[in-house]
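Colleague: Hi! Could you walk me through this one while I have it open?
Modeller: Happy to, go ahead and show it.

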Protein chains: 2
Amino acid sequence: MLQRTLIPLRSIGIVGSRRCLPVSFVRMCSTSEKDSEKNWELTHPRQRALEKADYMMTHPIWTTEELNSVEITHRPCEKLSDYIAYGSVSLLRFNFDLFSGYFFGTMDESKWLTRICFLETVAGVPGMVAAMVRHLHSLRLMTRDHGWIHTLLEEAENERMHLLTALTLKKPGKMFRAAVLITQGLFVNFWFFAYLVSPNFCHRFVGYLEEEAVATYTKCLKQLDAGDLPLFAKMPAPDIAIKYWKMPKDAQVRDLLLAIRADEGHHRDVNHGFASQHSDATNPWGPGK
Amino acid sequence: MLQRTLIPLRSIGIVGSRRCLPVSFVRMCSTSEKDSEKNWELTHPRQRALEKADYMMTHPIWTTEELNSVEITHRPCEKLSDYIAYGSVSLLRFNFDLFSGYFFGTMDESKWLTRICFLETVAGVPGMVAAMVRHLHSLRLMTRDHGWIHTLLEEAENERMHLLTALTLKKPGKMFRAAVLITQGLFVNFWFFAYLVSPNFCHRFVGYLEEEAVATYTKCLKQLDAGDLPLFAKMPAPDIAIKYWKMPKDAQVRDLLLAIRADEGHHRDVNHGFASQHSDATNPWGPGK
Ligand SMILES: [Fe+2]
Ligand SMILES: [Fe+2]
Ligand SMILES: [Fe+2]
Ligand SMILES: [Fe+2]
């Protein structure tokens with residue numbers, strides 16, 4: 001019963017375990033009208049390794065100790081630009097909390113999922129845009145990237161996985177979809193130009209945003225532990241999450257929330273680090289670290 | 001003497017072997033005015049693995065057999081959009097060859113490097129833009145990507161490595177840099193909108209473009225084997241190339257050209273495949289395949 005009401009997402013194509021299966025590809029090929037074209041691409045010897053392929057970027061797999069030691073932190077503002085970044089984040093958060101109803105009433109499972117889905121559709125933007133800007137910068141000025149792109153792409157994919165995971169638990173409505181469309185349209189353009197103007201400011205902004213994300217997920221976990229989210233308390237983590245975070249088969253939604261919170265804490269540290277570092281300095285973060 | 005005239009690139013910061021060294025990062029930290037900020041980011045336990053980090057995306061490492069069996073191919077046009085794509089590529093190539101002087105006189109090492117550098121600054125754009133569009137699409141419509149992003153990013157990084165490798169052999173002049181700036185400014189915008197309108201057309205276009213790339217590198221190799229590029233014939237492959245393509249330590253520029261040609265042949269096959277496949281079909285290419 002619980003599973004049926006909260007996990008109806010096959011209808012929009014979100015099926016966690018289908019990720020690497022060649023089945024849909026093969027089906028697509030055989031039912032298509034243009035078999036000649038499709039066969040052309042099926043003959044390549046390098047395509048054989050598909051079945052076992054795991055095409056996710058490397059990303060941190062957290063130890064139990066790391067999962068439980070994530071703390072709400074705040075990096076003190078030092079420069080004017082830090083205050084502007086922190087001020088903007090606080091203002092944005094205040095307005096979002098006000099209009100999304102986070103201030104009023106209690107948060108139940110459904111409200112939490114809506115909030116998480118919405119925020120994660122936004123969270124996937126900065127890393128990807130920054131990666132593209134740095135890539136184009138490297139091509140255009142014919143200089144090296146110094147290893148940032150990989151970390152930025154990791155962050156972008158990680159946020160997208162937060163979204164896809166949350167989507168297996170709740171199907172978004174039409175109003176919600178419209179809000180996501182509008183927000184992304186505005187935010188991508190804004191972020192692209194902001195990142196061209198001041199990458200350091202943008203990373204500081206994300207650093208403060210991720211401080212809020214850690215606080216939000218911590219609040220959700222506290223509510224769960226206090227017994228206020230009974231549906232979450234009994235719910236197994238979705239397949240897609242167990243695969244992605246390499247969690248034990250019997251992992252619960254609580255473990256999922258811990259993993260996401262650790263990711264957010266990591267983005268916080270990485271982005272505050274990038275904000276403090278010259279764009280030409282070597283990225284100190286290795287892949288999956 | 002040969003090395004001094006053709007590999008003077010340390011001056012613009014292109015030093016192949018510095019890629020993963022933490023030295024420059026440590027130096028940056030210790031000479032910076034803002035030591036407090038820098039220390040903040042140096043204390044993170046996850047940063048330790050930096051020294052051995054190889055943050056490149058996985059990409060095909062070609063066998064000798066594969067390197068030598070790359071052929072100039074042409075995928076026959078079937079639909080009107082194929083003819084338009086092929087026609088545009090042919091027209092672009094004709095004009096580029098005309099204005100860059102490829103038609104007239106003989107190509108020496110320097111002219112080859114200029115041509116390669118220029119084309120590779122352009123070649124890195126489509127994969128990255130396509131990856132970003134698909135990523136944003138997945139966030140915006142809350143659907144899965146079906147595994148394309150990884151392959152697109154691999155292609156983008158691979159093209160950027162072609163550029164960085166060529167740059168270790170020749171330093172670009174001011175006129176050249178200006179041409180690169182203008183071209184990218186126009187091309188990125190054009191490509192972004194084109195990919196929003198018709199991803200399939202864009203992949204077909206890249207497929208035909210890469211057919212030309214294979215032909216170009218094949219011509220270069222033929223000239224080398226005919227003894228018309230004596231500087232290339234004796235030149236060792238740069239460090240950056242030996243690392244990236246995992247080549248033997250005594251690899252030559254000829255081996256480098258073979259590797260790049262194999263990459264281009266691979267992009268050709270991948271893009272023709274993507275062009276023939278529905279955007280929601282699963283990507284048949286595993287990572288590094
Ligand atoms: Fe997130
Ligand atoms: Fe985040
Ligand atoms: Fe290339
Ligand atoms: Fe290419």
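Colleague: Which protein donors does the iron ion (ligand 4) have?
Modeller: First a caution: this is a predicted model. The iron ion (ligand 4) takes its protein donors from E159(B), E210(B) and E264(B), with E210(B) listed twice, and each is an OE atom. These donors lie 1.9 to 2.3 Å from the iron ion (ligand 4).

Colleague: What arrangement do the four donor atoms make there?
Modeller: An irregular one, because the angles they subtend around the iron ion (ligand 4) run from 57 to 150 degrees. To count as tetrahedral, all angles would have to lie between 85 and 135 degrees.

Colleague: And how are those donor residues spaced in sequence?
Modeller: For the iron ion (ligand 4) the spacing is E-x50-E-x53-E. E159(B) sits in helix α7 (residues 148-167) of chain B and E264(B) in helix α12 (residues 253-275) of chain B, so this pair ties together parts 105 residues apart in sequence.

Colleague: Which residue coordinates both the iron ion (ligand 4) and the iron ion (ligand 3)?
Modeller: That's E159(B), and the two ions are 3.6 Å apart.

Colleague: Are E159(B) and E264(B) buried or exposed?
Modeller: Both E159(B) and E264(B) are buried.

Colleague: Let's move to chain A. What are the protein donors of the iron ion (ligand 2)?
Modeller: OE atoms of E159(A), E210(A) and E264(A), with E210(A) appearing twice, at 1.9 to 2.3 Å. Along the chain, these donors follow the spacing E-x50-E-x53-E.

Colleague: Why is the arrangement called irregular?
Modeller: Because the four donor atoms around the iron ion (ligand 2) subtend angles of 58 to 151 degrees. As a reference point, four tetrahedral donors would ideally give 109.5 degrees.

Colleague: Which residue bridges the iron ion (ligand 2) and the iron ion (ligand 1)?
Modeller: E159(A) does, and those two ions lie 3.6 Å apart. Among the other donors, E210(A) belongs to helix α9 (residues 199-225) of chain A and E264(A) to helix α12 (residues 253-275) of chain A, a pair 54 residues apart that links distant parts of the chain.

Colleague: Where is E159(A), and what does E159(A) touch?
Modeller: E159(A) is in helix α7 (residues 148-167) of chain A. Leaving out residues up to four places away in sequence, E159(A) touches E120(A), A123(A), G124(A), E210(A), E264(A) and H267(A). With 0% relative accessibility, E159(A) counts as buried.

Colleague: How about E210(A), buried or exposed?
Modeller: Buried, because its relative accessibility is 6%. With the same sequence neighbours left out, E210(A) touches E159(A), E264(A), H267(A) and R268(A). E264(A) is buried as well, at a relative accessible area of 2%.

Colleague: Which residues does the UniProt "binding site" annotation cover?
Modeller: The unreviewed UniProt entry gives E159(A), E210(A), E264(A) and H267(A). They are spread over 109 residues of sequence yet cluster in space, with a largest C-alpha distance of 11.3 Å. From this set, E159(A), E210(A) and E264(A) are in the lining of the second largest pocket.

Colleague: Switching topic: how many residues has helix α8 of chain A?
Modeller: Helix α8 (residues 174-197) of chain A has 24 residues. From first C-alpha to last it reaches 35 Å, close to the expected 34 Å.

Colleague: Which residues are buried in α8(A), and what do they pack against?
Modeller: The buried ones in α8(A) are F176(A), V180(A), Q184(A), F187(A), V188(A), W191(A), A194(A) and Y195(A). The buried residues of α8(A) pack against α6 (109-141), α7 and α9 of chain A, together with α6 (109-141) of chain B.

Note on methods. Residues numbered from 1 in each chain as written. Chains lettered and ligands numbered in written order. Predicted model: local features only at pLDDT ≥ 70, side-chain atom pairs only at ≥ 80, totals over all residues. Heavy atoms only, no water. Donors = N, O, S within 2.8 Å, 3.2 Å for Na, K, Ca; no water. Tetrahedral: all angles 85-135°; square planar, octahedral: opposite > 155°, others 65-115°. Helix = DSSP H or I, 4+ residues; strand = E, 2+ residues; numbered from the N terminus. Buried < 20%, exposed > 50% of the residue type's maximum accessible area, 1.4 Å probe, protein only. UniProt positions renumbered as here; feature names shortened; annotations may be inferred. 1 Å grid on protein atoms, 1.4 Å probe; cavity = no way out; pocket = protein on both sides within 12 Å on 5 of 7 lines; lining within 4 Å. Contact = heavy atoms within 4.5 Å. Expected span 1.5 Å × (residues − 1).
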